[in-house]
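Open the structure in your viewer and keep the selection tool at hand. Each stop says what to select and what is there.

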Amino acid sequence: MVKPIIKFNNVSFRYGENAPWILHNCSFTIYENESVAIIGHNGSGKSTIAKLMNGLLFPQEGEIWINDTLLTEESIWEIRKDVGMVFQNPDNQFVGATVQDDVAFGMENRGVPRVEMEKRIDASLQAVKMQDYRLTEPHRLSGGQKQRVAIAGVIAVSPKVLILDEATVMLDPKGRTEIMETISRLQKQEEISLLTITHDLQEIIKVERVIVLNQGQIWKIGNPQEVLKEGKALQKIGLDIPFISELSDELKTLGINTQRDPLTIDEMLEELWILHSNR
């Protein structure tokens, strides 16, 4: 049986006693080795969820469990060993003079022996294809390269959960695609739970489940196909649906119904070829 790694039980949070709820009565579960995306418009509570998972914030109501441990001020340091976060601006995470120094930082804080540290630096930089930049100063890297190094630093400490908090928002489309492909590959190789927090629905295509937030509450939970079927409803709550989903909806209005709802260009071409062959 698959083990829960993160559980939110009726969690509510607000910034101040009389402030409106940023999250209200949210409940969901994320399992070991699962890939999940949390999506929603700006201000829907996505980033607040990420900060709650890592103990940067604590809920006013409800409970959060990470790897069978209740999140409290006493348990926070133990929980942070299991949760790694990559933020949207990698410059905020850099502390080392070189790439290898930066990757080593988290391990040094945890007392990882030097020999083991060297092995993990090599393995994590190789995993994100940045081994040739080991002695480079971080400020000399491109945005995509910086984000790869930030990911390497998190992977090196062997977390059970990797959270990407809008981690591709500052990248161009090519860089965004490369980072998401790298993360998808690492998630399978390292057998970690992956949580992608984004407002870009293009990034949900390869995950197993999607949690949709609207005004601080759970709006829908399902696989990418189930969520993207809600095309016009998603647009009403402030989300831009991918071009392929818009095209699929437009074809349906013309009476052209595919056997399944395609998520990628290749899937759309395959569905149109099947329709053409059956004519």
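The tour below moves through helices, their contacts and a few single residues.

**Before you start**

This is a predicted model, in which local features need pLDDT of at least 70 and side-chain atom pairs count only at pLDDT 80 or more, while totals for chains, interfaces and linings use all residues. Residues are numbered from 1 along each chain as its sequence is written, and side-chain values use heavy atoms, with hydrogens and water left out.

Helices (H or I, at least four residues) and strands (E, at least two) are DSSP runs, numbered from the N terminus.

**Stop 1: helix 1**

Select residues 46–53. This is helix 1, and 6 of its 8 residues are buried. Buried means under 20% relative accessible area, exposed means over 50%, and partly exposed is in between, with a 1.4 Å probe and protein chains only. The buried residues of helix 1 are Lys-46, Thr-48, Ile-49, Ala-50, Leu-52 and Met-53.

Now select Asn-54. Asn-54 sits in the loop between helix 1 and strand 4 (61–66). Its relative accessible area is 11%, so Asn-54 is buried. What is Asn-54 in contact with, leaving aside its neighbours within four places in sequence? Show Ile-76, Arg-80, Val-83 and Met-85. Contact means heavy atoms within 4.5 Å.

Next, pick Gly-55. Gly-55 comes just after helix 1 and has a positive phi of about 75°.

**Stop 2: two asparagines with positive phi**

Select Asn-25, in strand 2 (residues 23–31). Its phi is near 55°, a positive value in a residue other than glycine. Is Asn-25 buried or partly exposed? Asn-25 counts as partly exposed because its relative accessibility is 46%.

Go on to Asn-67, in the loop between strand 4 and strand 5 (69–70). Phi of Asn-67 is positive, near 50°, and this residue is not glycine either. Asn-67 has a relative accessible area of 15%, so Asn-67 is buried.

**Stop 3: helix 3 against helix 4**

Select residues 99–109 for helix 3, then 114–127 for helix 4. Their axes come within 10 Å and cross at roughly 125°. Helix 3 is therefore oblique to helix 4. Axes are lines fitted to C-alpha atoms, for helices over the stretch in contact, and angles run from 0 to 180 degrees between N-to-C directions. Angles under 35 degrees count as roughly parallel, over 145 as roughly antiparallel, 65 to 115 as roughly perpendicular and the rest as oblique.

Show the side chains at the contact. Helix 3 brings Val-99, Gln-100, Val-103, Ala-104, Met-107 and Glu-108, and helix 4 brings Arg-114, Met-117, Arg-120, Ile-121, Ser-124 and Leu-125. By class, this contact has 7 nonpolar, 2 polar and 3 charged residues. Ala, Val, Leu, Ile, Met, Phe, Trp, Tyr, Cys and Pro count as nonpolar, Asp, Glu, Lys and Arg as charged, and the others, Gly among them, as polar.

Zoom in on Met-117 in helix 4. Met-117 counts as buried, at 4% relative accessibility. Not counting residues up to four places away in sequence, Met-117 touches Ala-104, Met-107, Glu-108 and Val-112. Draw a distance from Met-117 to Phe-105: the C-alpha atoms are separated by 9.9 Å.

**Stop 4: helix 3 against helix 5**

Keep helix 3 and add helix 5, residues 143–155. Helix 3 and helix 5 pack at an angle of about 35°, with their axes 7 Å apart. Val-99, Asp-102 and Val-103 of helix 3 meet Val-149, Ala-152 and Gly-153 of helix 5. That contact divides into 4 nonpolar, 1 polar and 1 charged residue.

**Stop 5: helix 5 against helix 6**

Select residues 173–190 for helix 6; its axis is 11 Å from that of helix 5, at an angle of about 15°. Helix 5 is therefore roughly parallel to helix 6. At the contact, show Gly-144, Gln-147, Arg-148, Ile-151 and Ile-155 of helix 5, then Glu-178, Ile-179, Thr-182, Ile-183, Leu-186 and Glu-190 of helix 6.

Colour the buried residues of helix 6, among them Gly-175, Met-180, Ser-184 and Gln-187. The buried set packs against strand 3 (35–39), helix 4, helix 5, strand 7 (161–165) and strand 8 (193–198).

Finish on Glu-191, just after helix 6, where phi is positive at about 55°.
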